Amino acid sequence: MRKAFSILASTLLLAACSSTPSTLSFSELEMAQEELQNVIDPTAQLQLINEGKDIAYVVYQFAEVVAADIEEDGETVKVNLNVAEEDDPPETTVYKLTLDENHEIIEIFVNGKSTPIDVVSGI
């Protein structure tokens, strides 16, 4: 009985000491908060707006985004945006990106091509 209890206690202790689960998340915002709206540059196609150390907003102002996802690659977070044809009227799309402490780099890909960020700012 003691042996079984010792094994159970050891297992629980190891589970508690293991690294914390990833908090990485990515979601489209229906409406940006007012503070964020005040920082968005209407002339910039692609923006990154940081809020503290673990939240960033990706703002894309051009053709409609038809699919979006993220990938982790070590300390890099790759944001993949697939957009409609450029003939469509411009649209503003805002994504909230929640990062882990080990994510140092955010790279944006539009239709599979690495795309420079026009404006980086913070709120």
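**A stacked pair, two cores and a buried glutamine**

In this predicted model, the count of aromatic pairs comes to one. Its partners are Phe26 and Tyr95, whose rings are stacked, with 4.8 Å from centre to centre and 15 degrees between the planes. The planes count as stacked because their angle is under 30 degrees. The pair also ties together distant parts of the chain: Phe26 sits in strand 1 (residues 25-29) and Tyr95 in strand 6 (residues 91-98), 69 residues apart. Tyr95 has a relative accessible area of 4%, so this residue is buried.

Let's move on to the nonpolar cores. In soluble globular proteins, nonpolar side chains tend to be buried together. Here the largest nonpolar core has 19 residues, and those touching the most other members are Tyr60, Val79, Leu81, Leu97, Ile106 and Ile108. Strand 2 (46-51), strand 3, strand 5 (76-83), strand 6 and strand 7 (105-110) each give two or more residues to this core, with the largest share, four residues, coming from strand 5. Leu97 is a good place to look around: among its contacts are Phe26, Ile55, Ile70, Val77, Val79 and Ile106. A second core, separate from this one, has eight residues, including Ile40, Ile55, Val59 and Val94.

Finally, have a look at a polar residue, Gln61, in strand 3 (residues 55-62). Is Gln61 buried or exposed? Its relative accessible area is 13%, so Gln61 is buried. What does its side chain reach? The backbone oxygen of Ala44 lies 2.9 Å from the Gln61 side chain, and a polar contact of 3.1 Å joins Gln61 to the side chain of Thr92. Other residues that Gln61 touches include Ile40, Asp41, Pro42 and Glu91.

Methods:
Residues numbered from 1 in each chain as written. Predicted model: local features only at pLDDT ≥ 70, side-chain atom pairs only at ≥ 80, totals over all residues. Heavy atoms only, no water. Buried < 20%, exposed > 50% of the residue type's maximum accessible area, 1.4 Å probe, protein only. Polar contact = N/O pair within 3.5 Å; in protein donor to acceptor, adjacent residues only side chain to side chain. Contact = heavy atoms within 4.5 Å. Phe/Tyr/Trp six-rings, centres within 6.5 Å; stacked < 30°, edge-to-face > 60°. Core = buried A, V, L, I, M, F, W, Y, C linked by side-chain atoms within 4.5 Å. Lists of a residue's contacts leave out its neighbours within four places in sequence.
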